[in-house]
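The exercises below are meant to be worked through with the sequence and the model side by side. Each one sets a task and then solves it step by step.

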Amino acid sequence: MADKRVWVLGDGQLGAMLRHAGQPLAIDVRPVDIMAPSDEKLPLTDTDIITAEREQWPESPLSLQLSQHCHFINGPVFGRLADRYTQKSLLDQLKVATAPWELLDDNTQANDLYHKYGERVLLKRRTGGYDGKGQHWLKQAESTSIPADWRNQAIAEQAIPFDEEVSLVGVRSRSGECFFYPLTLNLHQDGILMASIAPLARLQPLQAEAETMLCSIMHELEYVGVMAMECFRVGDHLLVNELAPRVHNSGHWTQAGTHMDQFQLHLRALCELPLMTPQVNFQCVMVNLIGIDKDDRWLSLANAELFWYDKEVRPGRKVGHLNLSVLDKNALADSIARLQQWMPTQYQAPLMWILAEFG
Ligand code: ATP
Ligand code: MG
C-alpha cells in the first residue's frame with residue numbers, strides 16, 4: 001500500500017516520468033488522460049494531492065474534478081503563467097530582467113514596433129504556444145504585417161541577440177525553502193529544444209543571479225514544487241525568456257547526473273518530504289529524440305540511458321531522450337561519433353555543438 005497518492009493532470013511523458021520517480025518512495029503517482037471518455041469520477045480522497053504536467057488544459061469532467069480538488073497544488077499559478085501577457089507582467093512587476101515587450105492590441109502599428117524594438121520583432125501567441133509554435137516574426141525589410149487575429153491574442157517582443165540559452169530548474173517547499181540544480185546550457189533549433197549540457201563550470205558565475213530571479217518568482221507565487229526558468233545569456237547577464245510551472249525538458253539530465261532527479265524533487269515538495277540541494281554525481285548531456293523512430297543501436301552506447309516515450313512518431317514531435325554521462329570524455333566523444341552516423345541531418349548541428357563544448 002503506497003504512503004501517498006499524487007494525481008497528475010495530463011498523461012504525457014512528464015506524467016510517466018513522475019510515476020517512475022514515485023515508485024521507490026512508495027508514492028502512487030497516477031497520470032490522468034483528461035480527455036478520456038469517462039462516465040465515472042476519479043476515486044479522489046481528501047488526502048490525495050493533485051499536480052499538473054502542463055500549464056493549460058481543456059475543460060473536461062476529469063480536468064474539472066482534478067483542478068477543483070482542495071489539494072490541487074499551485075492552482076492559480078497555471079493560468080497566470082500560461083498566458084504570456086500575465087507572465088511577462090509578473091516579471092516586470094518583480095523587476096526580473098526579460099526581453100522588452102508589449103501587448104499587441106487593436107492600435108499597435110508595425111512601424112511603431114520597429115521604431116521601439118528594432119527591425120525584427122517576435123510576435124508570440126499569449127497562450128497555447130510550445131516548441132516554437134505560436135510565433136511569428138515581423139520583419140521591417142520584408143514589410144510583414146500583423147496578422148489580424150493575433151491582435152489582443154499575442155505579445156510583441158524584442159529580438160534578443162543572445163550568446164546562448166540556459167535554464168534553471170529549482171524547487172520551493174511549502175515553508176518557502178528553495179533549492180536549485182546547476183544551470184543547464186540548452187540548444188534550440190527551430191524553436192524546439194535539441195540538446196542540453198549540465199553542469200558547466202563556465203556557467204557557475206551566473207548561478208547566483210539566476211537563483212535570485214527564480215527565488216523571487218517562486219516566493220511571489222507562493223509556489224510549491226519544481227519550476228523551470230528559461231533564459232538568454234547576454235554577456236555576463238541573464239534575461240528571462242519564459243517560465244514553466246512544472247518539471248521541464250531541460251531538467252531531464254538530472255535523471256542520470258544527480259542523486260535526486262527533478263521528478264523526485266517535485267514529488268518530495270508536493271508531499272512535504274525532506275528537500276535539499278540535489279547532489280550532482282557527474283556531468284551529463286541530454287539529446288532530445290524528435291520525430292525519429294526508435295533505434296536499438298542507441299542501447300549499445302556505453303554511457304547512455306534511453307527514455308522512450310512510446311508515442312506515435314510524427315515530424316517535430318518529442319518521442320524520447322537520451323541522457324549521456326560525461327564521466328569519461330573519450331566515451332562521450334565515441335558515443336557522439338556513433339550518433340552522428342545513425343541520426344538524420346537535423347541532428348548533425350546539435351551533435352557538433354555538444355562536441356564543441358568539450359573540444
Ligand atoms: P517552449 O516549448 O519552451 O514552451 P515556446 O515555443 O513556448 O517554447 P519560447 O521558449 O518563448 O517559446 O521560444 C522558443 C525559442 O525561440 C527560444 O528558445 C529561443 O530560441 C527563440 N526565441 C524566443 N524568444 C526570442 C527572442 N525574444 N529573441 C530571439 N529568440 C527568441
Ligand atoms: Mg521555451
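**Exercise 1. Locate Met343 and describe its surroundings.**

Step 1: Met343 is found in the loop between helix H9 (329-342) and helix H10 (348-357), where helices (H or I, at least four residues) and strands (E, at least two) are DSSP runs numbered from the N terminus. The model is a predicted one, in which local features need pLDDT of at least 70 and side-chain atom pairs count only at pLDDT 80 or more, while totals for chains, interfaces and linings use all residues. Residues are numbered from 1 along each chain as its sequence is written, chains are lettered from A and ligands numbered from 1 in the order in which they are written, and side-chain values use heavy atoms, with hydrogens and water left out.

Step 2: With a relative accessibility of 5%, Met343 counts as buried; buried means under 20% relative accessible area, exposed over 50%, and partly exposed in between, with a 1.4 Å probe and protein chains only.

Step 3: Leaving aside residues up to four places away in sequence, Met343 touches Leu289, Ile292, Trp298, Gln348 and Leu351, a contact being heavy atoms within 4.5 Å.

Step 4: Measuring from C-alpha to C-alpha, Met343 and Ala195 are 14 Å apart in space, although 148 residues apart in sequence.

**Exercise 2. Describe the nonpolar cores, and say which residues have the most contacts inside the largest.**

Step 1: A nonpolar core is a set of buried Ala, Val, Leu, Ile, Met, Phe, Trp, Tyr and Cys residues joined through side-chain atoms within 4.5 Å.

Step 2: The largest such core has 51 residues, and those with the most contacts inside it are Ile217, Met229, Val285, Leu339 and Met343. Helix H6 (residues 204-220) supplies the largest share of this core, six residues.

Step 3: Apart from this core lies another, of 35 residues, which includes Ala21, Ala256, Leu270 and Cys271.

Step 4: Leu339 touches Trp298, Leu301, Leu322, Leu324 and Leu351, when residues up to four places away in sequence are not counted.

**Exercise 3. Explain why helix H1 (residues 13-22) is described as largely enclosed.**

Step 1: The buried residues in H1 are Gln13, Leu14, Gly15, Met17, Leu18, Ala21 and Gly22.

Step 2: Because seven of the 10 residues of H1 are buried, this helix is largely enclosed by the rest of the structure.

Step 3: The elements against which these buried residues pack are strand S1 (4-9), strand S2 (27-32), helix H7 (254-257), helix H8 (262-270), strand S15 (304-308) and strand S16 (318-325).

**Exercise 4. Find what is notable in the backbone at Pro199, Ser143 and Asn152.**

Step 1: Ala198 and Pro199 are joined by a cis peptide bond, with omega about -15°, and Pro199 lies in the loop between strand S11 (192-198) and H6.

Step 2: Ser143, in the loop between strand S6 (135-139) and strand S7 (154-158), has a phi near 45°, a positive value in a residue other than glycine. Ser143 is exposed, with a relative accessible area of 59%.

Step 3: Asn152 is likewise found in the loop between S6 and S7, and its phi is near 70°, a positive value in a residue other than glycine. Asn152 is partly exposed, its relative accessible area being 28%.

**Exercise 5. Which residues does Tyr117 touch, not counting residues up to four places away in sequence?**

Step 1: Tyr117 lies in helix H5 (residues 110-117) and is buried, with a relative accessible area of 12%.

Step 2: The residues that Tyr117 touches under that condition are Pro100, Trp101, Glu102 and Gln158. The C-alpha atoms of Tyr117 and Pro100 are separated by 7.8 Å, and these residues are 17 apart along the chain.

**Exercise 6. Summarise the chain as a whole, beginning with how many helices and strands it has.**

Step 1: The secondary structure of the chain comes to 10 helices and 16 strands.

Step 2: The radius of gyration is 21 Å, close to the 21 Å that the globule rule gives for 359 residues, so the chain is as compact as a globular protein of that length; this radius is taken over C-alpha atoms, and the rule is 2.2 Å times the number of residues to the power 0.38.

Step 3: Buried residues make up 52% of the 359 residues.
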